[in-house]
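This report looks at how the helices of one chain pack against each other, beginning with the nonpolar residues and then turning to the charged and polar ones.

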Amino acid sequence: MMEQVPGALGTSASLALRLGQTIFSSASLLFMCLDVEFYSYTSFSYLVTIMGLVTPWSVSLALVDAYSVFIKGLPRQPKILLIVIVGDWALSFLSLAAACSTASVTSLLVNVGTSFCPSKLCSRYQLSAAMAFLSWFLSLASTLFNLWLLPSL
């Protein structure tokens, strides 16, 4: 019998992690894109780009998890799992970089004053960075759970 790691691909915990990633990355996109002024800062554009990649990645893997949990269990193949781990790992690092750069630029804009960033706009940017950090945390958890499962295959 194959070892069942909670949070690994094809489990209900993985489905919950993927749905959380989808929700937080979509929320990060929503808060950032409510205003079109984010294009004037590279780190904000970078966050939108990375969250635009994380959202479909998480949705597609959530669909795989949902199929595996509700319909039938998928056989685990090391090559498929390795692709998922590498994709999660890369997007995890990219989303951490995007969240950190957005948080630092927003902090700088808040400290400079309201002439560069009105308080309502800066609060949206802060919420977007917070949602990106939450999405990163769940992505890292998914990566580590799947990495834990890889040697047992």
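Which residues have the most contacts inside the largest nonpolar core? In this predicted model, that core has 18 residues, and those with the most contacts inside it are M32, F38, F44, L47, M51, C117 and Y125. Two or more residues are given to this core by each of the helices α1 (12–33), α2 (42–71), α3 (78–112) and α4 (119–149), and of these α2 gives the most, with six residues.

The surroundings of Y125 show how the core is joined to residues of other kinds. Leaving out residues up to four places away in sequence, Y125 touches M32, F38, F44 and C117, which are also listed among the core residues with the most contacts, and Y125 touches D35, E37, T102 and T106 as well. A second core, separate from the one described above, has eight residues, including A8, L9, L81 and V84.

Charged and polar side chains are also found in the interior. A search of the whole structure finds one salt bridge, in which the side chains of R18 and D88 meet at 2.6 Å, N to O. Because R18 lies in helix α1 and D88 in helix α3, the pair ties together parts that are 70 residues apart in sequence. R18 is buried, with a relative accessible area of 0%, and D88 is likewise buried, with a relative accessible area of 0%.

Q21, which is found in helix α1, counts as buried at 1% relative accessibility, because the cut-off for that term is under 20%. Apart from neighbours within four places in sequence, Q21 is in contact with S58, S135, L138, S139 and S142.

The record adds a further view of the chain. An unreviewed UniProt entry carries the annotation "transmembrane region" for residues 44–68, 80–105 and 125–150. For two of these ranges, the computed secondary structure and the separation of the end C-alpha atoms are set out below.

| Residues | Helix | Strand | End C-alpha atoms apart |
|---|---|---|---|
| 44–68 | 100% | 0% | 36 Å |
| 125–150 | 96% | 0% | 37 Å |

Two of the residues already discussed stand at the start of annotated ranges: F44 at the start of 44–68 and Y125 at the start of 125–150. Both F44 and Y125 are listed among the residues with the most contacts inside the largest nonpolar core, and F44 is one of the residues that Y125 touches.

Technical notes
Residues are numbered from 1 along each chain as its sequence is written. This is a predicted model: local features need pLDDT of at least 70, side-chain atom pairs count only at pLDDT 80 or more; totals for chains, interfaces and linings use all residues. Side-chain values use heavy atoms; hydrogens and water are left out. UniProt positions are given in the numbering used here, feature names are shortened, and annotations may be inferred rather than shown by experiment. Helices (H or I, at least four residues) and strands (E, at least two) are DSSP runs, numbered from the N terminus. A nonpolar core is a set of buried Ala, Val, Leu, Ile, Met, Phe, Trp, Tyr and Cys residues joined through side-chain atoms within 4.5 Å. Buried means under 20% relative accessible area, exposed over 50%, partly exposed in between (1.4 Å probe, protein chains only). Contact means heavy atoms within 4.5 Å. A salt bridge is a side-chain nitrogen of Lys or Arg within 4 Å of a carboxyl oxygen of Asp or Glu.
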